[in-house]
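Dear colleague,

I am passing on the structure below, and after it you will find a short account of what came out of the analysis. Please read the two side by side.

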Amino acid sequence: MKYFLINLRKEHIELAIAITILVLFILGAGAPASGCNSC
Amino acid sequence: MYLLILPMILGVMLGITSPQFAQQRSLSIKKPWLVVIAVLPQIAAFYIPIFREISAPVMPIILVGSQTALLYFIWCHWEQRGFVLMGVGLGLNLLVISLNGGLMPISYEMAQFLFPEGEWMQGQLIGTGKDIVMRQETILLGFLSDTIPVAIGSYYVVMSIGDIFIATGAFWLAYILGANSTRKELVYV
């Protein structure tokens with residue numbers, strides 16, 4: 001059980017890091033322009 | 001930018017709920033620090049007002065330098081399909097940005113689509129983004145610039161072909177991440 005909890009936490013941290021890296025990558029690589037047509 | 005992050009959220013959710021379609025068992029991310037170092041100058045230059053004013057003259061150098069570093073990051077992951085899609089998208093964006101002075105060109109028509117009340121001049125920057133207003137006929141490889149209008153309610157976005165590749169690659173990678181996050185715990189339960 002202890003091993004499961006440690007492993008679970010490790011997996012989730014890895015997932016969070018991977019998602020953060022992908023979000024940062026999108027932020028840097030993408031170049032869409034956005035606006036508010038009805039504002 | 002939110003429109004590019006949305007496919008990622010959908011990908012993770014789909015991966016968690018329907019992991020059976022994921023052929024790749026794990027996602028290996030090498031040199032993650034490279035992404036952080038490459039993107040930080042962009043965040044400062046485009047999203048933080050104080051730095052934005054200071055960095056205005058060198059924005060094109062920051063954008064091209066940062067995206068070139070991100071292209072190297074992709075080079076390190078060329079064997080993974082999702083990264084290839086993102087790399088093609090980044091390459092297309094970087095190509096049109098580099099050919100047109102270092103910022104993403106957007107036509108008057110598309111600028112008007114985003115802000116109908118605005119009056120746009122050649123060389124004007126749009127909002128806090130990376131876009132610069134140019135006449136359509138002066139844009140080199142104009143079809144790679146921001147030319148695809150998307151409307152979601154009152155939120156309006158103009159995307160490039162490269163952005164669509166990036167969004168597709170992000171969805172793919174997020175799906176693998178979501179799918180694998182459910183598999184590994186099952187082994188130890």
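How many salt bridges are there between chain B and chain A? The count is zero, and that figure, like everything else in this message, was computed from a predicted model.

Polar contacts do occur across the interface, with ten residue pairs counted between chain B and chain A, both residues of each pair being at pLDDT 80 or more. On the side of chain B that touches chain A, two or more residues come from each of the helices H1 (2–17), H2 (32–47), H4 (59–75), H5 (81–99), H6 (108–114) and H7 (161–188), and likewise from the strands S1 (104–107) and S4 (155–159) of chain B. The greatest contribution to this side is that of H7(B), which supplies ten residues. Sorted by character, the residues of chain B that face chain A in this way comprise 36 nonpolar, five polar and six charged ones.

As for the extent of the interface, 27 residues of chain A are in contact with 47 residues of chain B, and the area buried between the two chains is about 3400 Å², with carbon and sulfur atoms giving 74% of that area.

Turning to chain A itself, this chain has 39 residues, of which 46% count as buried, and its secondary structure consists of one helix and one strand. The accessible surface of chain A comes to about 2100 Å², and 71% of that surface belongs to carbon and sulfur atoms.

With best regards

Definitions and conventions
Residues numbered from 1 in each chain as written. Chains lettered and ligands numbered in written order. Predicted model: local features only at pLDDT ≥ 70, side-chain atom pairs only at ≥ 80, totals over all residues. Heavy atoms only, no water. Helix = DSSP H or I, 4+ residues; strand = E, 2+ residues; numbered from the N terminus. Buried < 20%, exposed > 50% of the residue type's maximum accessible area, 1.4 Å probe, protein only. Areas by Shrake-Rupley, 256 points an atom, 1.4 Å probe, with all protein chains shown as cover. Contact = heavy atoms within 4.5 Å. Buried area = accessible area lost by both parts, 1.4 Å probe. Salt bridge = Lys/Arg side-chain N within 4 Å of Asp/Glu carboxyl O. Polar contact = N/O pair within 3.5 Å; in protein donor to acceptor, adjacent residues only side chain to side chain. Nonpolar A, V, L, I, M, F, W, Y, C, P; charged D, E, K, R; others polar.
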